[in-house]
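Let's take a walk through this model and see what holds its parts together. Keep the 3D view open as you read.

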Amino acid sequence: MSKEQRVLRYVQQNASRGDPDSVLAAVDKFGWETEWAMNVGDVKGLILDRFVKETAPQTMLELGTYMGYSAIRVVRLLPETAKFLTVEFNPENAAIANEMIAFAGLQNRIIQITSDSADVIPQLKKKYDVDTFDMVFIDHWKDVYVRDIKLLETNNLLRKGTVVVADNIINPGAPEYADYVRTCGKYDSTFHESNFEYSDDIDGLEKSVYRG
Ligand SMILES: Oc1cc(-c2ccc(F)cc2)cc2cccnc12
Ligand SMILES: [Mg+2]
């Protein structure tokens with residue numbers, strides 16, 4: 001059984017079906033007490049919550065679904081009318097996420113796409129009926145952060161004021177991305193120091209507002 005399957009089983013046996021907060025609490029308890037996993041987690045998650053509440057996005061994209069933790073974390077704060085798309089490259093992780101999201105009762109609120117983000121981003125307008133995103137959460141492989149934010153720009157998926165949040169700026173680190181958003185002149189970018197998931201190590205989120 002994979003670690004991700006063990007997390008899902010723990011959620012199914014310890015959380016309440018249809019209760020997103022209990023699902024998040026179970027994943028976090030497992031992450032702190034049993035097995036570390038690369039969810040954004042409860043500490044950075046509180047900062048992400050604040051950004052979501054401040055932005056109140058109607059249309060949002062996540063790159064890197066993993067087990068669905070951050071998708072559940074975000075969508076639990078959004079109105080039923082909001083459109084949330086999440087992209088995962090790894091089919092095994094996508095399958096776990098699908099079950100986790102269904103257990104949380106949010107399967108009708110989240111559009112899961114299992115694909116390489118580079119292939120999906122150019123399709124979002126036509127195939128997924130997207131105009132522009134109000135918010136984007138980037139949490140997949142650090143070496144494609146810059147590639148993908150540039151793809152979002154060139155595919156006209158950002159608008160003046162779009163909030164782009166990126167995980168793992170310190171650990172494992174996304175220095176090229178941090179440098180790009182801070183110096184390219186297209187974003188007002190701020191770094192929000194925090195802790196690495198289920199750890200006392202340092203990490204942080206970058207929040208970059210597109211100038212349009
Ligand atoms: O939050 C994350 C953390 C790590 C990570 C894994 C092993 C380490 F030793 C350190 C960091 C990888 C991620 C990959 C994708 C999305 N998020 C990640
Ligand atoms: Mg991460």
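Rings of Phe, Tyr and Trp (its six-membered ring) count as a pair if their centres lie within 6.5 Å. With that in mind, look for Tyr180, Tyr187 and Tyr210, which make up one aromatic cluster. One caution before going on: this is a predicted model.

**Aromatic pairs**

How many aromatic pairs does the structure hold? There are six. Take Trp32 and Tyr198, an edge-to-face pair with 5.9 Å from centre to centre and 80° between the planes. Trp32 sits in helix 2 (residues 20-33) and Tyr198 in the loop between strand 6 (187-195) and strand 7 (202-210), so this pair ties together parts that are 166 residues apart in sequence. As for exposure, Trp32 is partly exposed at a relative accessible area of 41%, whereas Tyr198 is buried at 8%.

Now move to Trp36 and Phe196, an aromatic pair that is stacked, with 5.4 Å centre to centre and 25° between the planes. Trp36 is in the loop between helix 2 and helix 3 (41-55), while Phe196 is in the loop between strand 6 and strand 7, so the pair ties together parts 160 residues apart in sequence. Trp36 is partly exposed, its relative accessible area being 35%. Phe196, at 12% relative accessibility, counts as buried; the cut-off for buried is under 20%.

**Salt bridges**

Side chains of opposite charge can pair when their charged atoms come close. In this structure the count of salt bridges is 19. Here are some of them, with the distance between the closest N and O atoms:

| Salt bridge | Closest N and O atoms |
|---|---|
| Asp21 with Arg76 | 3.0 Å |
| Glu197 with Lys44 | 2.7 Å |
| Arg73 with Asp49 | 2.8 Å |

What about the Glu197 and Lys44 salt bridge, with its closest N and O atoms 2.7 Å apart? Glu197 lies in the loop between strand 6 and strand 7, and Lys44 in helix 3, so the pair ties together parts that are 153 residues apart in sequence. Glu197 is buried, with a relative accessible area of 4%, and Lys44 also counts as buried, at 0%.

Next comes Arg73 with Asp49, whose closest N and O atoms are 2.8 Å apart. This pair links distant parts of the chain, with Arg73 in helix 4, Asp49 in helix 3 and their positions 24 residues apart. Arg73 is buried at 5% relative accessible area, and Asp49 is buried at 5% too.

Asp21 and Arg76 form a salt bridge with closest N and O atoms 3.0 Å apart. Asp21 is in helix 2 and Arg76 in the loop between helix 4 and strand 2, so to speak distant parts of the chain, 55 residues apart, are linked by the pair. Here the exposure reads differently on the page: Asp21 counts as partly exposed at 46% relative accessibility, and Arg76 is partly exposed with a relative accessible area of 25%.Which residues are linked in a network of salt bridges? Asp21, Asp49, Arg73 and Arg76 are.

**The magnesium ion**

Turn to ligand 2, the magnesium ion. Its protein donors are Asp139 (OD), Asp167 (OD) and Asn168 (OD1), at 2.0 to 2.2 Å from the ion. The donor residues follow the spacing D-x27-D-N in sequence. Asp139 belongs to the loop between strand 4 (133-138) and helix 8 (145-154), and Asn168 to the loop between strand 5 (158-166) and helix 9 (169-173), so this pair ties together parts that are 29 residues apart in sequence. Are Asp139 and Asn168 buried or exposed? Both are buried.

**The largest pocket**

The largest pocket holds about 460 Å³ of space. Among its 28 lining residues, those closest to the centre are Met38, Gly64, Asp139, His140 and Trp141. Asp139 is thus a name to remember, being a lining residue of the largest pocket and a donor of the magnesium ion (ligand 2).

Helix 4 (69-75) and strand 2 (83-88) each contribute at least two residues to the lining of the largest pocket. By type, the lining splits into 11 nonpolar, 11 polar and six charged residues.

Key. Residues numbered from 1 in each chain as written. Chains lettered and ligands numbered in written order. Predicted model: local features only at pLDDT ≥ 70, side-chain atom pairs only at ≥ 80, totals over all residues. Heavy atoms only, no water. Donors = N, O, S within 2.8 Å, 3.2 Å for Na, K, Ca; no water. Helix = DSSP H or I, 4+ residues; strand = E, 2+ residues; numbered from the N terminus. Buried < 20%, exposed > 50% of the residue type's maximum accessible area, 1.4 Å probe, protein only. 1 Å grid on protein atoms, 1.4 Å probe; cavity = no way out; pocket = protein on both sides within 12 Å on 5 of 7 lines; lining within 4 Å. Points joined across faces, edges and corners; volume = space filled by probe spheres on them. Nonpolar A, V, L, I, M, F, W, Y, C, P; charged D, E, K, R; others polar. Phe/Tyr/Trp six-rings, centres within 6.5 Å; stacked < 30°, edge-to-face > 60°. Salt bridge = Lys/Arg side-chain N within 4 Å of Asp/Glu carboxyl O.
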